[in-house]
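Student: I would like to learn how to read the place where two domains of a protein meet. Could you take me through one case, step by step?

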Amino acid sequence: MVETKKMIKIIINDQELSVPEGITILEAAHQVGVKIPTLCHLDLHDLKMVNQTASCRVCMVEAPGRNSLVPACVTKVSEGMEVNTHTTRAITARRMAVELLLSNHPNECFTCPKNLQCELQALAAELGVREIRWEGERMDYPKDLTSDAIVKDANKCIYCRRCETACNIVQTCGILSGIGRGFDVFVGPFANIPMVESSCTYCGQCVAVCPTAALTEVNHTAKVWEALNDPDKHVIVQTAPAIRVAIGELFDMEPGTIVTGKLVTSLKRMGFDAVFDTDFGADLTIMEEASELIYRIKNNKTLPILTSCCPAWVKFIEHQFPELLEIPSTCKSPHIMFGTIVKTFYAKKHGLDPDNIVVVSIMPCIAKKAEAKRPELTKDAHNNVDIVVTTRELGAMIKEAGIDFDKLPDSEYDKPLGETTGASVIFGTTGGVIEAAIRTTYEWLTGEELVDVEFTQLRGMEGVREAVVNIGGKELKIGIAHGLGNARILLEGIREGTSHYDAIEIMACPGGCVGGGGQPYHHGNEEIVKKRQEAIYQEDRNKKIRKSHENAEVLELYRQYLGEPYGKLAHELLHTHYEERERI
Amino acid sequence: MTKQQAISVTTPMTQDLPKEKFDELETFIDQMETTKGALIEILHKAQNLFGYLPRDVQLFVARKLGIPGAEVYGVVSFYSYFTTKPRGKYTISCCMGTACFVRGADKIIERLKEILGIESNEITEDGLFTLIDVRCIGACGLAPIVKVDEKVYGRVKEEELEDIINTYRLLEGKK
Ligand code: SF4
Ligand code: SF4
Ligand code: SF4
Ligand code: FES
């Protein structure tokens, strides 16, 4: 039933309009094409990420009858309210708010990692700030470069507290909090310890919403160039499913444009020796994970099984629910599996010394940077994956290389290890991994062909979803959560024994990897994330083969090299283990 | 708010912090009707017990209440009353409020640092004194003011400071 809200009349800049009660001035202004600038405000409604700290005072508007200017982002409309958004007084106040922020902000836009992506910079331009009348005392905190994933530069923090909302409310990780007070306040972890010592999952959702460069990813592009320029290195690259539906945005293409072919061409032009698709690793993951699920069902072992392809989620359970470490699948994540296969099977086949192979992963993800450095995943003295760069970093590299992305012709991924399926593409969105696993589990358990491969009951954007899938008379209860706060809800149910599932998929980022911390900045527009998700399902429909266990090259890999899925060699190469960690 | 973590919060995390004090803090928390909104009160109690708020005590409070450590630290760092370093036996507070400042509090504190050989918020080597600068303590008529624990020295002059400090040193037989 749709709730009908009472409508009220208000006047914005002399335009009368009728709006539902309870909305803010900002939302009302939006309806009549009036743009009020904002900075701290963030509203990803469907992803449940709403920041309403009203700390920046950039959205001040005049509401006659009230004594002073009011912040439009939090002030609710009321019957008969009159609002003037662009009076001299309002404009002056807004400009002043921005100038004050700039007065103690490092003056280094040229070399800043957020140059041209920074919301503070954009705002200064939009408000026509041409001089900064005050010279504030600048903060002088050292940059935190301790982690392999996130750089924290407190001097650039404008204390909008979006990251706190992302980390504490949405992700319930509780890593970030305001430290100190007054002009010196900034955001950091407990006791201002280095990030690497905190329980940070490196999900990067704080990075995704930080308007400035106070929180950014560790940049690894120089390492990639170095490898590409080294004649002794055989450099292979793999791209995650969620890259192809997002990277076009960095070249002014419509969100949700599928650019797989151009992506491959650009990587070939950059000089990689082979361009592969992490989707192959995803199909491999399904072979292993579905086998593990069936093994657990048949042998009455621990259920539910939890998917393990999201490293932020893995780190979350290690810190927050160390008593539940028995339930995640032991499968490595797809790109790590792929790296392992490259350093073993592929190396052997091509007579290459694994030490001279450099595996670069292009990921929508910041957590994967830290994952690739986990000691247990850097087997035999060489990493399974050497370098991880995000969608954003790859975009920058393509520009550096002078490649005109939208004019590129399409090309295909290299072979072998290049064939992929629809099942592996949907790994990029919430619900996709479990759907892919079910497609395979269904056929393996029943021995029948699955005709309709689309399990729409597993799809959508609800934070926590449940569905029952009937597999040959046996009902499998599936749980899905995206966003770590939602994951916490599912895990608490399991710990308390109040809920029962057979299989659960968890992705740390709201929306799944399409909304990953390394994706092009959405700047608060969640429609972008939804369009990427739609594109992922479109790409699935475009594929001839849509089930992982029908990937001929994957099957060939088992035949030639790995043996049985979930067998001895597969265990050694494709599975891993987890560790109890402290919660700080 | 998250649930309490299922770890034993009663085992002291480091040897040098006495278990009895953790026990007492835990009893204090357990006896509260609700811990909602009581963080400051609990930290106050903890500081009284331990003399300061070391990392492990802050984490203990966080885990006991089921809230993030960062949240506890955020509060601790917000109020200058809370201290994360051990305090000397005597706390010397130098008021830096406006009235004291115009009457030369900046010189007073510099002299104190010189005599004690420490900066603000540090503890002297012998463990006797901690020096802190505080905001207006509301006795502006007596500016500039130095307090040693609760004892107020009003209208202090730079030349008197050494004698004041020596009194306490003598008391402790360190002079
Ligand atoms: S990366 Fe994730 S867990 Fe770490 S501080 Fe940011 S939001 Fe919190
Ligand atoms: S780190 Fe970024 S998101 Fe967090 S408060 Fe500072 S400016 Fe805002
Ligand atoms: S959901 Fe995807 S992008 Fe986000 S942390 Fe997990 S693997 Fe990385
Ligand atoms: S956007 Fe409204 S106060 Fe910051």
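Tutor: Let us begin with the charged pairs, keeping in mind that this is a predicted model. Across the interface of domain 1 of chain A and domain 2 of chain A, the rule finds two salt bridges.

Student: Which residue forms a salt bridge with R162(A), and how far apart are the closest N and O atoms?

Tutor: The partner of R162(A) is E119(A), and their closest N and O atoms lie 2.9 Å apart. Beyond salt bridges, one can look at polar contacts, and 12 residue pairs, both at pLDDT 80 or more, are found in polar contact across the interface of these two domains.

Student: Which elements give two or more residues to the side of domain 1 of chain A that touches domain 2 of chain A?

Tutor: Those elements are β4 (49–51) and α3 (119–126) of chain A, and β4(A) gives the largest share, which is three residues. By residue class, that side of domain 1 of chain A divides into 11 nonpolar, seven polar and four charged residues.

Student: How is the size of such an interface expressed?

Tutor: The size is often given as the accessible area that is lost when the parts come together. Here, domain 1 and domain 2 of chain A bury about 1,700 Å² between them, with 60% of it on carbon and sulfur atoms.

Student: Which three residues supply more than any other three of the area that domain 1 of chain A buries against domain 2 of chain A?

Tutor: They are M49(A), N104(A) and K114(A), which supply 28% of the area on the domain 1 side.

Key: Residues are numbered from 1 along each chain as its sequence is written. Chains are lettered from A and ligands numbered from 1 in the order in which they are written. This is a predicted model: local features need pLDDT of at least 70, side-chain atom pairs count only at pLDDT 80 or more; totals for chains, interfaces and linings use all residues. Side-chain values use heavy atoms; hydrogens and water are left out. Buried area is the accessible area (1.4 Å probe) that two parts lose on being put together, summed over both. A salt bridge is a side-chain nitrogen of Lys or Arg within 4 Å of a carboxyl oxygen of Asp or Glu. A polar contact is a pair of N or O atoms within 3.5 Å; within protein, one must be able to donate a hydrogen and the other to accept it, and residues adjacent in sequence count only if both atoms are side-chain atoms. Helices (H or I, at least four residues) and strands (E, at least two) are DSSP runs, numbered from the N terminus. Ala, Val, Leu, Ile, Met, Phe, Trp, Tyr, Cys and Pro count as nonpolar, Asp, Glu, Lys and Arg as charged, and the others, Gly among them, as polar.
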